[in-house]
Amino acid sequence: MLYGIAAAATALLLSAFLTGVLRVPALRLGVTDRRRRRPLPLSGGTAVAPATVLVATAADATGLVPLGAGVGRVVTAAGCVALLGLAADLRRLRWWVTPAGTAVAACFVVPYEETGVAAGVAAVGAIVVATVAFRKLDHADGLAGTAGAVGAFGLAACATAELMDGPAALLGVLAAALAGFLLHNWFPARAGLGASGALFTGFVLAASAVFVRAGQGIGAGAAVLYGVTALGCADAALVVLGRLLDRRAVTRGRPDHLGHRLRRLGLAPRAVPVLLGAGSAGAALVAVCVHTGRLAPGAVGWVAAASAVLVLALVRRPVTPVFRPRQRVASASSQVSERLRVRSG
């Protein structure tokens, strides 16, 4: 246990250090996102993924916290997914490249000897959906890191209940690395997670859930996987439904995610990750109880119902920017000036 605590502390410090150090190179290379009309360096992905991989690999190589062959494949595949996400951060990729690459990586981590071929193929699909959905949570300060840390803690509890030290150690290291990243990502964020870190986190969570639940029943396994990724699934459902209702392309980005719509309702920036993180923690707790047999798999239906209520309540909320009074005056003045300039011209 002491070795696990030491590994987690090392991952936290290393992630916090790398996130801060890599901010300037990310800005110079243009690896940024636009937030509050300013460029936000996406150095979190190049900090969380290396910190997690390096600490977990070092612990396994020294024999302090053996991961096992199956978890080693998860770490390797997640590293490849992180590189794919880094390519997406550096340049715009076609929408299908990320899901396709994630699917290839997922094929190598599913334990088919325990799940069977049919259930294994379904598990690959579930990993892809959960990973791609989690990527879109990096649209609000502190949201992706909070959701990822909560999900990692929940799955680590499931792995500990099964006496699976390897997955528990990996998930604990991931949660600690995300906590170190959150030191730079809480509002007002100085760094973002980016596609690299978000895809890496989502893949590790989904693949670990499949690995921990392999051979223990498809229904309960699906319930556990959904519980730890419920927030990402709800956000994806909201985005897809909203864009379909507005007759817009589903693959074209817009400020219409959960955090964006809650901000339009007047919720403070710091309150968004707290509120959604609390909901994610509740869903993860249900997943842990289902895994340990304290609740029936059907209990996750309450999580799905709450997510559906949230999606339906927000899907028709406006997504256009809402200006503050001073901004409205400035905007109106600029419009009048532009009209006068056009007329005089």
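This is a short talk on a hairpin, its salt bridges and one helix in the structure above.

Hi everyone. A word on the model: it is predicted, so local features need pLDDT of at least 70 and side-chain atom pairs count only at pLDDT 80 or more, while totals for chains, interfaces and linings use all residues. Residues are numbered from 1 along each chain as its sequence is written, and side-chain values use heavy atoms, with hydrogens and water left out.

Let's start at strand β1, residues 32-35. Helices and strands here are DSSP runs numbered from the N terminus (H or I, at least four residues, for helices; E, at least two, for strands). β1 runs antiparallel to β2, residues 38-41, through 4 bridges; two strands count as paired if DSSP finds at least two bridges between them. The two make a hairpin with 2 residues in between, and Arg36 in the turn has a positive phi of about 55°. Across the pair, Asp33 stands opposite Leu40.

Now, which residues does Arg35 form salt bridges with? One is Asp33, with the closest N and O atoms 3.7 Å apart. Another is Asp141, at 2.8 Å. That second pair links distant parts of the chain, as Arg35 is in β1 and Asp141 lies in the loop between α7 and α8, 106 residues apart. By salt bridge I mean a side-chain nitrogen of Lys or Arg within 4 Å of a carboxyl oxygen of Asp or Glu. Asp33, Arg35, Arg36 and Asp141 are linked in a network of these, and the whole structure has 6 salt bridges.

Is Arg35 buried or exposed? Arg35 is buried, at 10% relative accessible area. Buried means under 20%, exposed over 50% and partly exposed in between, using a 1.4 Å probe and protein chains only. Asp141 is buried too, at 6%, whereas Asp33 is partly exposed at 30%.

Over to helix α12, residues 230-245. Its 16 residues reach 22 Å from first C-alpha to last, close to the 22 Å expected at 1.5 Å a residue; that expected span is 1.5 Å times one less than the number of residues. Its buried residues include Leu231, Leu238 and Val239. Val240 in this helix is partly exposed, at 35%.

Just past the helix, Arg247 has a positive phi, near 60°. In the loop between α12 and α13, Asp246 reaches Arg316 in a salt bridge of 3.3 Å, N to O. Asp246 is partly exposed at 31%, and Arg316 is exposed at 57%.

That's my tour, thanks for listening!
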